[in-house]
Amino acid sequence: MIARTPAWKRYNWRVVWLSLLYAALLIAAVYGFKHSLVPTVLKYPIAALPALPIIGIFAAIGRYLVEEQDEYIRMLMVRQTLWASGLTLSVATIWGFLDNFGLVGHVDGYWVAVVWFFGLGMGGIVNKLTVGEAGC
Amino acid sequence: MENRLRVLRAERRWSQQDLAEKLEVSRQSINAIETGKYDPSLPLAFRIAELFGLMIEEIFVSPSRHSSKAI
């Protein structure tokens, strides 16, 4: 199991709180739109509201990389983020061309974040297989 | 990078956890360095050398020298 450094613990708490905030904002936004409670002028900001905690998680990962004092543990996370970014860019590029030639349907843009977090997990597996430790 | 960290640690009867605490790094870091899966930064290599009272090159084998020996 990976070391639970002070920076990792702070990162973990931030992700937990941001995830709860995401769930709350998503439920509120869906409820508001479903029951036509959102004024026209607020539609764009309220629709974008659930994205903010997700952006916060990206920022939390960046902050973790800055705060982590253990260079080896930090390197594991950097490798994970590189895998996540590489996978996401590759999937998005391939999907874009398939879409362009009419072979697949359009997908919602937020799936990019889903693929990225999946890539983060993949990076952990690659870390485990190559250096023996998964990372965060 | 090949190194003598495991031997030096064993001579002092320190566990990986003991050494990790003295260097203020994780046990995983010590294991990765000992097994050559991770090369420490220069500041960490200096901290390791200072802890054992040795020069860096007395602990870590230069990759260029190591490869030239192999040839």
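Start in chain B of this predicted model, where helix α2 (residues 16-23) packs on helix α3 (residues 27-34). Two packed helices are described by the angle between their axes and the distance between the axes. Here the angle is about 110° and the axes are 8 Å apart. Angles of 65 to 115 degrees count as roughly perpendicular, so that is the label for α2(B) against α3(B).

Who makes that contact? On the α2(B) side, look for B:Gln16, B:Gln17, B:Leu19 and B:Ala20. Facing them from α3(B) are B:Arg27, B:Ser29, B:Ile30 and B:Asn31. Sort the residues of this helix pair by chemistry and you get three nonpolar, four polar and one charged.

Now step out to where the two chains meet. Chain B puts ten residues into the contact, and chain A puts in ten residues as well. Which element gives the most on the chain B side? That's α3(B), with four residues. The side of chain B that touches chain A divides into four nonpolar, four polar and two charged residues.

Over in chain A, take helix α3 (residues 51-67) next. A quick sanity check on its geometry: at 1.5 Å a residue, its 17 residues should span 24 Å, and the end C-alpha atoms are indeed 24 Å apart. The buried residues in α3(A) are A:Pro53, A:Ile54 and A:Tyr64. Seen down the helix axis, the buried residues of α3(A) fall within an arc of 105°, so they line one face of the helix. An α-helix has 3.6 residues a turn, so residues three or four places apart point the same way. On the other side of α3(A) you'll find A:Ile55, A:Ala59, A:Gly62 and A:Val66, which are exposed. As for what covers the buried residues of α3(A), the cover includes α1 (6-34), α4 (71-100) and α5 (111-131) of chain A.

That last helix, α5(A), is worth a stop of its own. Its 21 residues reach 29 Å from the first C-alpha to the last, close to the 30 Å expected at 1.5 Å a residue. The buried residues of α5(A) are A:Val115, A:Trp116, A:Gly119, A:Leu120, A:Gly123, A:Gly124 and A:Asn127. What do these buried residues pack against? They sit against α4 of chain A, a helix that is also part of the cover over α3(A). Just past the end of α5(A) comes A:Gly132, with a positive phi near 90°.

Methods:
Residues are numbered from 1 along each chain as its sequence is written. Chains are lettered from A and ligands numbered from 1 in the order in which they are written. This is a predicted model: local features need pLDDT of at least 70, side-chain atom pairs count only at pLDDT 80 or more; totals for chains, interfaces and linings use all residues. Helices (H or I, at least four residues) and strands (E, at least two) are DSSP runs, numbered from the N terminus. The expected span of a helix is 1.5 Å times one less than its number of residues. A residue is buried if 20 or more other C-beta atoms lie within 10 Å of its own, exposed if 12 or fewer, and partly exposed in between; C-beta atoms are placed from the backbone. The arc is that of the directions from the helix axis to the C-beta atoms. Two residues are in contact if their C-beta atoms, placed from the backbone, lie within 7 Å. Axes are lines fitted to C-alpha atoms, for helices over the stretch in contact, and angles run from 0 to 180 degrees between N-to-C directions. Angles under 35 degrees count as roughly parallel, over 145 as roughly antiparallel, 65 to 115 as roughly perpendicular and the rest as oblique. Ala, Val, Leu, Ile, Met, Phe, Trp, Tyr, Cys and Pro count as nonpolar, Asp, Glu, Lys and Arg as charged, and the others, Gly among them, as polar.
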